[in-house]
Amino acid sequence: MTRASASALAVGTMVLGSAAAAASLPHLSSAASHKRHVVVTFTLGDLAPGHIVVASHGKTRPNGSFVKANIVLDEQLKAAKTTTGFRARTKHRLATGRYWVEVSGVVVGVDCTPHKPCRTDWSTSRRVTVK
């Protein structure tokens, strides 16, 4: 392999790695319950905070959001900045049980309109047991 092709391969790998990392945002680092509230830590990258959604089952739609019939709590994400990202807690309490939680981030753009809203990206879900 020539030096030029090795350099091109390294640059291509960095670009693909960056694209994969960008596609995985928002990233839900942890989810737990505290006094029947759901508490999450997450990163958003360049996305704006969206929603925290809690569902009775972990099934998602093709866009990554939970199936609407399973959603038990959907709140605007009120996030506090931490050294490693953000932390948020639901305003409402949940009944005891097992739930799945995910957060969303909104792609902020100048071309978003009410008829063409900005794209919403969803984290992977995490299971939470509320006691």
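## Exercises on a predicted β-rich chain

Val40, Phe42 and Val101 touch the most other members of the largest nonpolar core, which has 18 residues. Such a core is a set of buried Ala, Val, Leu, Ile, Met, Phe, Trp, Tyr and Cys residues joined through side-chain atoms within 4.5 Å. Buried means under 20% relative accessible area, exposed over 50%, and partly exposed in between, with a 1.4 Å probe and protein chains only. The elements giving two or more residues to this core are β1, β2, β3 (48-55), β7 (97-106) and β9 (126-130).

A few ground rules before you start. This is a predicted model, where local features need pLDDT of at least 70 and side-chain atom pairs count only at pLDDT 80 or more, while totals for chains, interfaces and linings use all residues. Residues are numbered from 1 along each chain as its sequence is written, and side-chain values use heavy atoms, with hydrogens and water left out.

### Exercise 1: the overall picture

Describe the make-up of the protein chain and say where the model has low confidence.

Step 1. Take the elements, which are DSSP runs numbered from the N terminus: helices (H or I) of at least four residues and strands (E) of at least two. The chain has one helix and nine strands, in the pattern α-β-β-β-β-β-β-β-β-β along the sequence.

Step 2. Look at burial and contacts. Of the 131 residues, 27% are buried. Contact means heavy atoms within 4.5 Å; among contacts with a separation of 6 or more, 60% are between residues 24 or more positions apart.

Step 3. Check the pLDDT, the predictor's confidence in each residue on a scale from 0 to 100. The chain averages 86, and 82% of residues score at least 70. Over residues 5-23, though, pLDDT stays under 50, and the model has two contacts beyond four places in sequence for that stretch. Where pLDDT is low, the predicted coordinates should not be read in detail.

### Exercise 2: pairing the strands

Work out the order of the four-strand open sheet, then trace the partners of β3.

Step 1. Two strands pair if DSSP finds at least two bridges between them. The sheet reads β1-β2-β6-β5, with antiparallel pairing. Its edge strands, each pairing on one side only, are β1 (27-34) and β5 (80-81).

Step 2. Zoom in on β1 and β2 (residues 37-43): seven bridges join this antiparallel pair. Ser30 has Thr41 in β2 as its bridge partner.

Step 3. Now turn to β3. Six bridges join β3 to β7 in the antiparallel sense, with Ala48 opposite Val106 in β7. β3 also pairs with β4 (residues 71-76), again antiparallel, over five bridges; there Ile52 has Glu75 as its bridge partner.

### Exercise 3: Val101 and Phe42 up close

Which residues does Val101 contact beyond four places in sequence, and how do the rings of Phe42 and Phe86 sit?

Step 1. For Val101, the list is Leu28, Ala31, Val38, Val40, Ile52, Val53, Val54, Phe66, Thr124, Ser125, Arg126 and Val128.

Step 2. For the rings, apply the rule: rings of Phe, Tyr and Trp (its six-membered ring) pair if their centres lie within 6.5 Å, and planes under 30 degrees apart count as stacked, over 60 as edge-to-face and the rest as tilted. The count comes to one aromatic pair. The centres of the Phe42 and Phe86 rings are 5.7 Å apart and their planes are at 20°, so this pair is stacked.

Step 3. Place the pair on the chain. Phe42 is in β2 and Phe86 in β6 (residues 86-89), so the pair ties together parts that are 44 residues apart in sequence. Phe42 counts as buried because its relative accessibility is 1%.

### Exercise 4: reading the loops

Compare Lys35 with Arg36, then find what Gly64 contacts.

Step 1. Lys35 sits in the loop between β1 and β2 and has a positive phi of about 55° although it is not a glycine. Its relative accessible area is 59%, so Lys35 is exposed.

Step 2. Arg36 lies in the loop between β1 and β2. Although not a glycine, Arg36 has a positive phi of about 70°. Arg36 is partly exposed because its relative accessible area is 36%.

Step 3. Gly64 belongs to the loop between β3 and β4. Beyond four places in sequence, Gly64 is in contact with Glu102 and Trp122. The C-alpha atoms of Gly64 and Asp121 are separated by 7.5 Å, with the two residues 57 apart along the chain.
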